[in-house]
Amino acid sequence: MNFTTNITPSAPTISSSAMLVDLGISSWVGRKKDKRASADVAASNHARTGVASVNKALLGDCEQLAAIGKFASMVRQSHYASTMPWSDTGLRLLPTARFMSYTEQLSGFQEEFNRLVDEFLANYEWEVLQAHAKLGDLFNRDDYPTVDNLRGKFGFRLNYIPLPDSGDWRVDLESDAQDVLRQQYEDFYSKQMETAMRDVHDRLMEQLQIFTRQLGIDSEGRKGKIYQSTLDNIRNLAKLLEESNFTDDPQVSLAHAKLRQTLRGLDPADLKKNDTFREDTKRDLEAAIAALPSLDM
């Protein structure tokens, strides 16, 4: 069964079923342009001043600073995977159904981020001394902030913002003006919801198609490589899209129940060693994909 679902969001309903999340992570990158070295490179190559740029890694290959950057990137990716797009300002939509698990995960991330920053700052002065040897004549002590100033360059901000109802205009406006604003808000709200759900739907379909290809066996008996990460991504996105069925569409619920049943208990190790199970799973998954609604909104 393949069907199309039209989602017509109801602002009061969705506002009680989701919230906005604002995540901000800041860190010191430890890089700075060296104007003198840039000018020297241009001059030594008989080039015009300004066409070359020399950027110094102030601490060289500092592993602790690199670890903070890698961890922050991982947190952002996890945040994106658990939420839905909402606005150009970086706000993301979070279904209330996953608020507790999301908050617990992000709290753990924040503690680990702070631990990594404290560890880096405790060794910062030693890293500056090491940098003198690494950078040679490029070293300039004025490039390095104090520990106290540096601490302020690291931050982990997490805020939750309620979704307002369409009639929540707390200003003194004439009735006609309120009607205009309310209509503009509802149009914006509907468009943002469509964008958010389409984003998750498209990501889910992409991962499902990848997984079905991994399950395939060609005419010469060669098997696709199956990855646990693909299966994990599918389960997370399927759950997120199901939690975002704010209108409680029974057809959407039924389609996702079928997909959930197909994914239940799947283990890449079992799929790799049992060709019959592999082919049956591929067939069941293709049927589940066909049952998922398209978002022609």
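In the predicted model, E112 is partly exposed, because its relative accessibility of 27% lies between the limits of 20% for buried and 50% for exposed residues. R115 is likewise classed as partly exposed, at a relative accessible area of 40%. The side chains of these two residues form a salt bridge with an N to O distance of 2.8 Å. Both belong to helix α4, where they are three residues apart, or about one turn of the helix. An α-helix has 3.6 residues a turn, so residues three or four places apart point the same way. The pair is part of a salt-bridge network that links E112, R115 and E119.

A second intrahelical pair occurs in helix α11 (residues 275–291), in which E286 and K282 are separated by four residues, about one turn of the helix. The closest N and O atoms of this salt bridge are 2.7 Å apart. E286 has a relative accessible area of 38% and is partly exposed, as is K282 at 24%. In total, 15 salt bridges were identified. One of them joins the side chains of E243 and R98 (2.7 Å, N to O). This pair connects distant parts of the chain, since E243 lies in helix α8 (residues 228–243) and R98 in the loop between β5 and α4, 145 residues apart. Both E243 and R98 are buried.

Helix α5 (residues 124–135) comprises 12 residues, and at 1.5 Å a residue its expected span is 16 Å, in agreement with the 16 Å between its end C-alpha atoms. Its buried residues are Y124, E127, V128, A131 and L135. Viewed down the axis of α5, the buried residues fall within an arc of 105 degrees and therefore line one face of the helix. Exposed residues W126, L129 and A133 occupy the face turned away from the buried side. The elements covering the buried residues include β3 (55–57), α3 (63–82), α4 (99–122) and α6 (147–151). Within α3, Q64 contacts E119, F120, N123 and E127, its neighbours within four places in sequence being left aside. The side chains of Q64 and N123 are joined by a polar contact of 3.5 Å. Just after α5, G136 adopts a positive phi of about 60 degrees.

Strand β5 (residues 92–95) pairs in the antiparallel sense with β1 (residues 18–26) over four bridges, with M19 opposite L94. Antiparallel pairing of β5 with β4 (residues 84–85) involves two bridges, and M84 has L93 as its bridge partner. β4 and β5 form a hairpin with six residues between them, and G90 in the turn has a positive phi of about 100 degrees. In β5, R92 and L94 point one way and L93 and P95 the other, and all are buried.

Definitions and conventions
Residues are numbered from 1 along each chain as its sequence is written. This is a predicted model: local features need pLDDT of at least 70, side-chain atom pairs count only at pLDDT 80 or more; totals for chains, interfaces and linings use all residues. Side-chain values use heavy atoms; hydrogens and water are left out. The expected span of a helix is 1.5 Å times one less than its number of residues. Buried means under 20% relative accessible area, exposed over 50%, partly exposed in between (1.4 Å probe, protein chains only). The arc is that of the directions from the helix axis to the C-beta atoms. Contact means heavy atoms within 4.5 Å. Two strands pair if DSSP finds at least two bridges between them. A polar contact is a pair of N or O atoms within 3.5 Å; within protein, one must be able to donate a hydrogen and the other to accept it, and residues adjacent in sequence count only if both atoms are side-chain atoms. A salt bridge is a side-chain nitrogen of Lys or Arg within 4 Å of a carboxyl oxygen of Asp or Glu.
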